[in-house]
Amino acid sequence: MSECMTPRLSSPNAWIVSIMLAFMLAACQGDPSPPEAGDAAAADPESDSVVPVALVTGSTRGLGEEVATRLGAMGYHVIVHGRNIERGEAVVAAIESADGSAEFRRADFLELQQVRELAVGIREDFDRLELLINNAGIGSVDGEMERTVDGVEPVFQVNYLAHFLLTEELLPLLRAAAPARIINVSSAAQAAIDFDDVMLERWEPVEGQIGRPYAQSKLAQILHAFDMAERLEGTGVTINALHPATFMDTYMVRRAGIEPRATVDEGADAVMQLVTDDVGSGQYYRDMQPAQVHEQADDAEARRKLRELSLELADLVQ
Ligand SMILES: NC(=O)c1ccc[n+]([C@@H]2O[C@H](COP(=O)([O-])OP(=O)(O)OC[C@H]3O[C@@H](n4cnc5c(N)ncnc54)[C@H](OP(=O)(O)O)[C@@H]3O)[C@@H](O)[C@H]2O)c1
């Protein structure tokens, strides 16, 4: 079977089927110098007394761990984030043992209040943030959860909405550090957001259908990047999105029963390119190259609808 054909699967786990298909669809489509403090593009931490600060969400393992480790080696103070304290502290220890600087902060993105508290804590302790990498993600939710405590479809919340809220809450620090960068770790698995059914009440995972919760959340991250790029024009804060690599050898991929075919290093190379190179703002990269994105990302009305819905869901409406 060609790797780009839709496979016939008879897995009893619908989510595994759907996420595999999402990843396979992604595979069939068309996807590093550090910052002067205050210039995430050119930041050279060693040439400035101010240590640039980076927050990498979901850096207790997988792609985020590797990116956090590289940023630590470049001279950033790295805020390692995730839920698992033991793994988070191990990442911090590894960065420190290589003469880097890091700390761990725990927040479960299945609860928006924990996202707010994470942001409040960072605002209390730092007056600038050079780099925000919105990376934490899940392919599907553990167990039978249909809604988070915030009433939101869980994959949409962890992958997209929590990061929307976090970005809003940390914007003052990013603006203070400008030039600063935001990177949304998205995916080539993208499905249009149905604004009449964002919570996917009418969607049932079925054989042959892509993993809509994941693919919708990943496209939402790209709409977010494009929308924010317009909003942040002229501020010195850039935002881009990328598909890092296809089927990296990470927990998310192995949990879905997929044979990895890319390394975490490959994905980290793609992320680091957006950290270090002059790529502008409002771009979508697949692996190391600018790439075509789902047409909904170019729809200004869809971006406006998503922004308004997100402000409402995140309780940010004035
Ligand atoms: N793997 C691939 O081939 C691939 C391809 C395209 C895009 N991506 C994207 O790359 C990013 C990283 O994926 P990965 O493959 O490295 O996954 P991973 O190894 O499973 O790591 C996921 C990270 O997200 C954190 N996380 C998960 N649920 C969370 C929650 N509820 N609250 C807070 N943090 C949470 C995890 O922290 P804890 O375990 O501590 O909770 C972990 O650090 C994701 O956004 C993914 O969509 C991956």
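**Strand E6, the nonpolar core and the ligand shell**

In the predicted model, strand E6 directs Val-237, Ile-239, Ala-241 and His-243 to one side and Thr-238, Asn-240 and Leu-242 to the other, and all of these residues are buried. The strand, which spans residues 237-243, is thus described as mostly covered, with 7 of its 7 residues buried.

Strand E6 pairs with two other strands. With strand E5 (residues 180-185), the pairing is parallel and extends over 6 bridges; within it, Val-237 of E6 is the bridge partner of Ala-180. With strand E7 (residues 284-286), E6 again pairs in the parallel sense, over 3 bridges. Here Ala-241 stands opposite Tyr-284 of E7.

In soluble globular proteins, nonpolar side chains tend to be buried together. In the present model, the largest nonpolar core comprises 89 residues, and the members that touch the most others are Ala-54, Val-78, Leu-129, Ile-133, Leu-174 and Val-271. Helix H5 (residues 154-177) makes the greatest contribution to this core, with 14 residues. The surroundings of Ala-54 were examined without its neighbours within four places in sequence; Ala-54 is then in contact with Leu-71, Tyr-76, Val-78, Ile-79, Glu-130, Leu-131 and Ile-133.

The ligand is surrounded by 31 residues, of which Gly-58, Gly-62, Gly-82, Gly-137 and Thr-250 are the closest. Classified by type, this shell consists of 14 nonpolar, 13 polar and 4 charged residues. Helix H2 (62-74) and helix H7 (251-255) each provide at least two residues of the shell.

Note on methods. Residues are numbered from 1 along each chain as its sequence is written. This is a predicted model: local features need pLDDT of at least 70, side-chain atom pairs count only at pLDDT 80 or more; totals for chains, interfaces and linings use all residues. A residue is near a molecule or strand if its C-beta atom, placed from the backbone, lies within 6 Å of it. Helices (H or I, at least four residues) and strands (E, at least two) are DSSP runs, numbered from the N terminus. Ala, Val, Leu, Ile, Met, Phe, Trp, Tyr, Cys and Pro count as nonpolar, Asp, Glu, Lys and Arg as charged, and the others, Gly among them, as polar. A residue is buried if 20 or more other C-beta atoms lie within 10 Å of its own, exposed if 12 or fewer, and partly exposed in between; C-beta atoms are placed from the backbone. Two strands pair if DSSP finds at least two bridges between them. A nonpolar core is a set of buried Ala, Val, Leu, Ile, Met, Phe, Trp, Tyr and Cys residues joined through C-beta atoms within 7 Å. Two residues are in contact if their C-beta atoms, placed from the backbone, lie within 7 Å.
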